[in-house]
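Colleague: Can you walk me through this one? I'd like to start with how contacts are counted.

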Amino acid sequence: MRVHLSVLKLRMNIGMQYRTAALAGVATQFFWGFITIMVFEAFYEHASTTPPISLKELITYIWLQQAFLVFITMWFRDNELFDLITSGNIAYELCRPCELYGFWYAKLLAQRLSSAFLRCFPILIISFFLPKPYNMTMPPSFLAFLLFLCALILGLLLLVSISMFLYISVFVTLSPMGSLLVFSVLGEFFAGLIIPVPLMPEWLQIAANVLPFRWTADFPFRVYSGHISQHDAIIGIIIQLIYLLGLIWLGRAALNKVLRKVVVQGG
Amino acid sequence: MGIYFKYLWIHFKSQMEYRTSFWLLSMGQFFIPFTVFAGLYFLFEQFGQIRGWKFFEVALCFGIIHMAFALSECFARGFDAFSSLVRNGEFDRLLVRPRTTFIQVLGSKFEFTRFGRLLQSAVVLVWALTNLDIEWSVVKAVTLLLMMVSGIFIFTGIYILAATLCFWTIEGLEVVNIFTDGGREMAQYPLNIYQKWVTRFFTFVIPFGTVNYLPLFYILGKNSGNEIYYMLIPLAGSLFILPCLLVWQFGVKHYRSTGS
């Protein structure tokens, strides 16, 4: 565990170097957030039936999505790891006296955390002070906020465990493009990045509930906005835990299996 | 112009060498906007309309903008990927050749895999057109075509501006994505659903309004007026590329090699 913590710390420090890049990212995300909100505002204006999620909840949801974008997106990836696998430098990694799964997990976690640290605060702070319909709101209660934090952290851990499969698949396919595409198209859609999960038709919501992607980001954001009640939130957190343990167990088994077959051709 | 087609042909042949990879990437390009369109469809299923616009009307808009985007990404990719030319000093080589830099940069890269995206948006466009009742006339057909051409010019203009910035910043800038990817996402809905300041900015500064809004009214028969005038609006939008080219010339004059 101590090894993993120091890997985490080291990678965090590296990630924090890219401040200008993060600033540019923040500007892009603000624009994106505004455009998305305006589209929904226009849709809501003449809605004939009451939509399943109120506009206020939705706006909070969108700002959270923008602030924690790196907790959702699959394309936020470590090309270094892909290169390691395809070029055969994986041999060095295998020499290290710690298990590869935990080592990579800590590395990937640190990248997402450092990027989120740089981006989320400016977005969250400014979005609280925006003029009326566009501003972000406080969570309904302190307990809801605590549940949100808990769900957000579990969601991040869950996302990293999903993204581990991306790297494992490269051992088999040797090119990350295919799996990256499938993961990002499906993952981002079912995580509610394109349209929020409550606005999907019934049958898609069922699919989203079964897949793990929704539990990474959609669930914590709706806990924050109060769209998911506290009672349901606790059940949701338990589901997150089950998914997390299951996926880590599966990922570790899969990684060990591909590692046993890995062939490193000199060079 | 002959040299441009030569570039085009060489790049096409070289990308065709990796045929499986080409097809797979094209398929990927097909599916990325597919989920965006699915999202649009589901929103209309939920709400029925957006500020008076119906699903197929917005789908028409979506099809045109995404087709224009795919084509400009395919053919103006050289400007999009320009920062690498500046960074590794390749641009010096272009300057000593007896051709304009514009043609050479334009011909430095093509992304034929964008045909997947083009196909997807073309399907959306055809689907929208068959479901809309439009009284067709020659003028309307020309307007539709000009809308797309104008879209291509505008996206290319933005790429050129972004590339020009690289002369000073060396690195490519992520902020530019606001106007390319962001512009595409925004322009897939008719412009008047947004707040006034967004509409104004994207009509008078970056003229997406001349692609997806004013002529769209005319094609859908939502207003009356001089037909020729509406047909010419997209052409006015295409003029956006002229100042971009001027800025490009200015940038080339101020180019300092990185020396590497």
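Modeller: Two residues are in contact if their C-beta atoms, placed from the backbone, lie within 7 Å. Keep in mind that this is a predicted model.

Colleague: OK. In chain B, what share of the contacts with a separation of 6 or more is between residues 24 or more positions apart?

Modeller: Such pairs account for 81% of those contacts in chain B.

Colleague: And how many helices and strands does chain B have?

Modeller: Chain B has 15 helices and zero strands. Its radius of gyration is 19 Å, close to the 18 Å from the globule rule for 260 residues, so chain B is as compact as a globular protein of that length. The C-alpha trace of chain B spans about 55 × 40 × 35 Å along its principal axes.

Colleague: How much of chain B is buried?

Modeller: Of its 260 residues, 40% are buried.

Colleague: Pick a helix pair. How do α2(B) and α3(B) run relative to each other?

Modeller: Their axes come within 11 Å and cross at roughly 165°. Angles over 145 degrees count as roughly antiparallel, so α2(B) is roughly antiparallel to α3(B). The crossing is right-handed.

Colleague: Which residues make that contact?

Modeller: From α2(B), P33(B), F37(B), L40(B) and F44(B); from α3(B), F55(B), V58(B), F62(B) and H66(B). By class, seven are nonpolar, one is polar and none is charged.

Colleague: Now the two chains. How many residues does each put into the contact?

Modeller: Chain A gives 27 residues and chain B gives 30. On the chain A side, α2(A) supplies the largest share, 13 residues. That side divides into 21 nonpolar, five polar and one charged.

Terms used. Residues are numbered from 1 along each chain as its sequence is written. Chains are lettered from A and ligands numbered from 1 in the order in which they are written. This is a predicted model: local features need pLDDT of at least 70, side-chain atom pairs count only at pLDDT 80 or more; totals for chains, interfaces and linings use all residues. Helices (H or I, at least four residues) and strands (E, at least two) are DSSP runs, numbered from the N terminus. Ala, Val, Leu, Ile, Met, Phe, Trp, Tyr, Cys and Pro count as nonpolar, Asp, Glu, Lys and Arg as charged, and the others, Gly among them, as polar. Axes are lines fitted to C-alpha atoms, for helices over the stretch in contact, and angles run from 0 to 180 degrees between N-to-C directions. Angles under 35 degrees count as roughly parallel, over 145 as roughly antiparallel, 65 to 115 as roughly perpendicular and the rest as oblique. A crossing is left-handed if the near helix is turned anticlockwise from the far one by less than a right angle, and right-handed if clockwise. The radius of gyration is taken over C-alpha atoms; the globule rule is 2.2 Å times the number of residues to the power 0.38. A residue is buried if 20 or more other C-beta atoms lie within 10 Å of its own, exposed if 12 or fewer, and partly exposed in between; C-beta atoms are placed from the backbone.
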